[in-house]
Amino acid sequence: MQGIDLLSIREQFNLNRILLCFNGPISRGLIEEIGKALRNYLQADNAQPGAAMDVFGVYIELTQNIRHYASRMNYGERDGSATVVVAGGEDGHYQVMAGNLVELADGQALCDRIATLAAMDKRELRAAYKTQLRQPRNEQGSSGAGLGLLDVARKSALPVTARLVDVGNGRGFLSILAVV
């Protein structure tokens, strides 16, 4: 068995200013613990309080969405795992990336929704958020009624991007990037 080159991984993390990286099954408790670690990293990185709150909020929204989706789809531990990376940018922004396996049709629908949000300016995003907030909640629908994704788009300094890669068997790996 060939060992993993941890030095190479460490160098990649340092090169890309990665504050936090997680890959594996994600639970509510783990989301909270990683969130606490993220707050500590942001504090140590001297992030502005508002920016730190936005990064934390985007991290929570993306990871909870992954957890809810995996639960709703009855995915097992392996298929329901997530990959989460938070990196600092040289421009003072932070990149929050999260990815997971999804059904291809669900992933494409989300990519289309994100592309629609990416075309909106801040004023349009605010109006869409207020409109969505006033919509009646569907008891059988998703818990957030789309507010979370709108909130992520509103907190992002750049348009949110998504990428879907077909991995076979009707599934894809969906990656979402928000720059806060």
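Reader: Which residues have the most contacts inside the largest nonpolar core?

Author: In this predicted model, they are Leu 38, Leu 42, Val 55 and Tyr 59. The core has 43 residues. Helix H3, residues 49-72, gives the most to this core, with ten residues.

Reader: What makes this a nonpolar core?

Author: Its members are buried residues of the nonpolar kinds, joined through side-chain atoms within 4.5 Å. Nonpolar side chains tend to be buried together in soluble globular proteins.

Reader: What does Leu 42 touch, not counting residues up to four places away in sequence?

Author: Leu 42 touches Leu 19, Ala 47, Ala 52, Val 55 and Tyr 94.

Reader: Why are H3 and H6 called roughly antiparallel?

Author: H3 and helix H6, residues 147-155, pack at an angle of about 150 degrees. Angles over 145 degrees count as roughly antiparallel. H3 and H6 therefore earn the term. Their axes are 10 Å apart, and H3 passes H6 in a left-handed crossing.

Reader: Which residues make that contact?

Author: H3 supplies Asp 54, Gly 57, Val 58 and Glu 61. H6 supplies Gly 148, Leu 149, Val 152 and Lys 155.

Reader: What makes two residues of this contact polar?

Author: Gly counts as polar, and the contact includes Gly 57 and Gly 148. The others divide into three nonpolar and three charged.

Reader: Which residues of H6 are buried, and what covers them?

Author: Leu 147, Gly 148, Leu 149, Leu 150, Val 152 and Ala 153 are buried: each has under 20% relative accessible area. The cover includes H3, helix H4 (104-118), helix H5 (122-134) and strand S5 (171-179).

Notes
Residues are numbered from 1 along each chain as its sequence is written. This is a predicted model: local features need pLDDT of at least 70, side-chain atom pairs count only at pLDDT 80 or more; totals for chains, interfaces and linings use all residues. Side-chain values use heavy atoms; hydrogens and water are left out. Buried means under 20% relative accessible area, exposed over 50%, partly exposed in between (1.4 Å probe, protein chains only). Helices (H or I, at least four residues) and strands (E, at least two) are DSSP runs, numbered from the N terminus. Contact means heavy atoms within 4.5 Å. Axes are lines fitted to C-alpha atoms, for helices over the stretch in contact, and angles run from 0 to 180 degrees between N-to-C directions. Angles under 35 degrees count as roughly parallel, over 145 as roughly antiparallel, 65 to 115 as roughly perpendicular and the rest as oblique. A crossing is left-handed if the near helix is turned anticlockwise from the far one by less than a right angle, and right-handed if clockwise.
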